[in-house]
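Please look through the sequence and the model below before reading on. The report that follows moves from the whole chain to one small sheet.

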Amino acid sequence: MKITNAGIEFLEFNEFKNFAVDYDLLGSVSLSEPVVDKNGSILIKEKVAIKENILKKLEGMEGNYIPSFKLAMSKDLMRMLRMVLSKAILSRIEDRSNEFIYHLYEQNAERMASLKGIIQNSFYSKSLALSFFRILLSHKEFFNHLADFGLLSLGSVIQKQYGFKMVNRFSFLAGLCADISVSKEGLYKQSFFGSSLTSAVNLSLEIARKLNLPEEVISAINNHGSIGFEIPGVVAATVNVEDLRKHQLNLDLLAGSGMEDDASDDEEEAGEYADDTAAVTLDALKIARYIMENLKVSTEKEHVSEKLLVMFTYNAEKGLFRKDLADPMTSRFKEFDQAIKRIRTIAEIENKCKFQTSAWAYPKPKAAQILCRDKNYQCPWIVNGWDLRIISPQDPFGHIGTSLDIGTYPKCALEEELHAKIKYTES
């Protein structure tokens, strides 16, 4: 099977037959070019519905014709492609080894009922459906990565009703396409932040425009790197954009489909740019990127959801993520309520600092002390004579761009409130 710029082509009869039968396409698809024998005579005309009798005819004459079967892109073929893509993506939720995504969507029947429709309708154009069908067939592991990214982005908005135009579909598409340029040699498995993320995003943007994605989606992909996070001790991927551009999958995607897309049967994605939708889509993608990159480097697979939720909640309380997106998302993880309450209390107390970012609860996430990270000895909340000595660097535990170095730090009087409130939340 070949995914071409015009559709799907088979060079073997049995492969063509199995495809038509397995996907229940008999009577609903036709060929875009005729099947001819070796003398150039037409055996099967183009635009004639392929039925069982035609397959039997071709089977009986196998070897006497040129085995080239080019499927015309019809509504029935589009329906099949959307169904197959949706099934492959939904299987990522059902995979229990995909712990965080499984938790994010489990026991959420009121939203899951519409999830299949959201995903199927996201592949609203021939070029989009064919491109991802190509990736599914030839780059299955990479497809799973893109699917997970899309599900993380969608998962941050599907927890509540926003009422904004296309917000679910656009959030899913933004996650699905944000890493579409980095399949080469498993590059997507490496970490992306800083300049590596910027370089990868630039090429993903070119592909997104070739796929004619909505401007809200393109804007989110373009701007989500502004979150500006780093992961301590992790080296970001080295991205050579020109090498990526020459990768065969990217060459195919950048070439475009070469076909005109018919209007979708669903509500059209085109129309006036919606600011509210764009804002939510961008923040959903920022959340998805943060979670995805931390999942890549997590070594505690058994406790990955708890640690990641605590880190994520802490950063949301610090104002790095929209709380109207973050809070419904974290509420899905009921078993970690106690850990989430504790980290929210820690962030709330740190946020009372007279110098904004100096108060630092230590050690996170089960902090028992608060010190002044910036050593503001002029602050009235400094507790003199009780300096704390840190003998090893502290993992910032998700606080983007901030770490605690080895050294001596003054104690902060906010520690008393920490002791009182932590005791209260755990009682």
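Among contacts in the protein chain between residues at least 6 apart in sequence, what percentage join residues at least 24 apart? In this predicted model, the share of such contacts that link residues at least 24 apart in sequence is 74%.

The protein chain contains 17 helices and 9 strands, and its C-alpha trace extends over about 100 × 45 × 40 Å along the principal axes. Of the 427 residues in the protein chain, 53% are buried, while the chain as a whole exposes about 19500 Å², of which carbon and sulfur atoms supply 48%. The protein chain carries 52 positive and 59 negative charges, and the mean positions of these two groups lie 2 Å apart.

Turning to the sheet, three of the strands are arranged in the order β1-β2-β5, forming an open sheet with antiparallel pairing. Strands of a sheet pair through backbone hydrogen bonds, and this pairing can be either parallel or antiparallel. Because β1 and β5 stand at the edges and each has a single partner strand, one side of each is left without a neighbour in the sheet.

The residue ranges of the three strands are set out here.

| Strand | Residues |
|---|---|
| β1 | residues 2-3 |
| β2 | residues 8-10 |
| β5 | residues 69-71 |

Between β1 and β2 the antiparallel pairing runs over 2 bridges, and within this part of the sheet K2 stands opposite E9, a residue in β2.

Methods
Residues numbered from 1 in each chain as written. Predicted model: local features only at pLDDT ≥ 70, side-chain atom pairs only at ≥ 80, totals over all residues. Heavy atoms only, no water. Helix = DSSP H or I, 4+ residues; strand = E, 2+ residues; numbered from the N terminus. Buried < 20%, exposed > 50% of the residue type's maximum accessible area, 1.4 Å probe, protein only. Contact = heavy atoms within 4.5 Å. Areas by Shrake-Rupley, 256 points an atom, 1.4 Å probe, with all protein chains shown as cover. Lys, Arg positive; Asp, Glu negative; His and termini not counted. Charge placed at Lys NZ, Arg CZ, Asp CG, Glu CD. Pairing = 2+ DSSP bridges.
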